[in-house]
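User: I'd like to talk through this fold with you. Could you pull it up first?

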Amino acid sequence: MKTEKLIHCPSCDSDKIKHILDIPDYYFSKQVFPIDECQNCGLRFTQSRPTADAIGEYYDSENYASHDSGKKSSLFLKAYQLARDYMLEQKFKLVRQFKPEWKQVLDYGTGEGFFTEFLQKKGKEAFGIEPSAVARSNFKNRTGNDLYPDISALPPGKSFQVITLWHVLEHIHSLRNTMEELVERLQSKGIVVIAVPNQKSTDVKTFGKEWAAWDVPRHLYHWDENSLEHFMKSLGLQRIYTTQLPLDPIYIGMISSKYQEKSPLEGVIKGIKSYFHGRNNPAEGSTLLTIWMKN
Ligand SMILES: [Zn+2]
């Protein structure tokens, strides 16, 4: 496995970084990865991480649900698909609330492209970017349309009113370059929607090292409200809204309980508690869902 050690913060480039904890990859490899914290902007990040070329090995499992093509028939995946359809509608309504007249939209890191497909069916001019060739091919077979492998493959000069990154920012190796390129493609007064696991959530206190959203080494960064604000402001974007994603705490609770070798029901109950806490305290919600505007 090829790994890389970061000597500067991937968000603010500071060299004041400090080792703070070690987290095992419960999901796949069982390897332990260090997590460092930037003493300038507060971002926590996975250290000695697999390179962009090598990280694919850590996704190589048929059970990584968010990358699944929907062929499984287990009860869990049926529930997952129902939840996914509910969330597509929720995501759509949220964006519409802030951009009622939106037309051009890019879903960056669209995976199997369910959100891109949903938007296209709603009559939006929706583009999806996804690095996985398998996911792009599944999308093509399902919808007849194409996804793009990266930003440079988009039509030249194409710009967007809305760019969404649903649980994607924590996976991007070339973090700053990618986000700068995306912001260039954003129209004036356009919005970026970002959902990331929140490492200041009550879930972290509840589950500790077994919190499923550490998800090392697939999650390269571990954001909270302040570190995300620091990064997005440096890209010239202003935050206009913060909330949580309603089903995430339950999903995360179930997986975290599995890592703790406890019952899924216990995870669901903890997830429901987390949901109600996050509803009143979005900065401590399981997932940070934030909306940012370009001037
Ligand atoms: Zn930093």
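**Fold and cores**

Analyst: S29 is partly exposed, because 17 other C-beta atoms lie within 10 Å of its own (20 or more would be buried, 12 or fewer exposed, in between partly exposed, with C-beta atoms placed from the backbone). This is a predicted model, where local features need pLDDT of at least 70, side-chain atom pairs count only at pLDDT 80 or more, and totals for chains, interfaces and linings use all residues. Residues are numbered from 1 along each chain as its sequence is written.

User: Where is the place of S29?

Analyst: Helices (H or I, at least four residues) and strands (E, at least two) are DSSP runs, numbered from the N terminus. On that basis, S29 belongs to the loop between β2 (17-24) and β3 (32-38).

User: Which element gives the most to the largest nonpolar core?

Analyst: A nonpolar core is a set of buried Ala, Val, Leu, Ile, Met, Phe, Trp, Tyr and Cys residues joined through C-beta atoms within 7 Å. The largest has 44 residues, and V192 and I194 have the most contacts inside it. Among the elements giving it two or more residues are α3 (133-143), β8 (160-166) and β9 (186-197). With 7 residues, the top contributor is β9.

User: What radius of gyration does the protein chain have?

Analyst: The radius is taken over C-alpha atoms, and the globule rule is 2.2 Å times the number of residues to the power 0.38. For 295 residues, a compact globule would come out near 19 Å, and the chain agrees with that at 18 Å.
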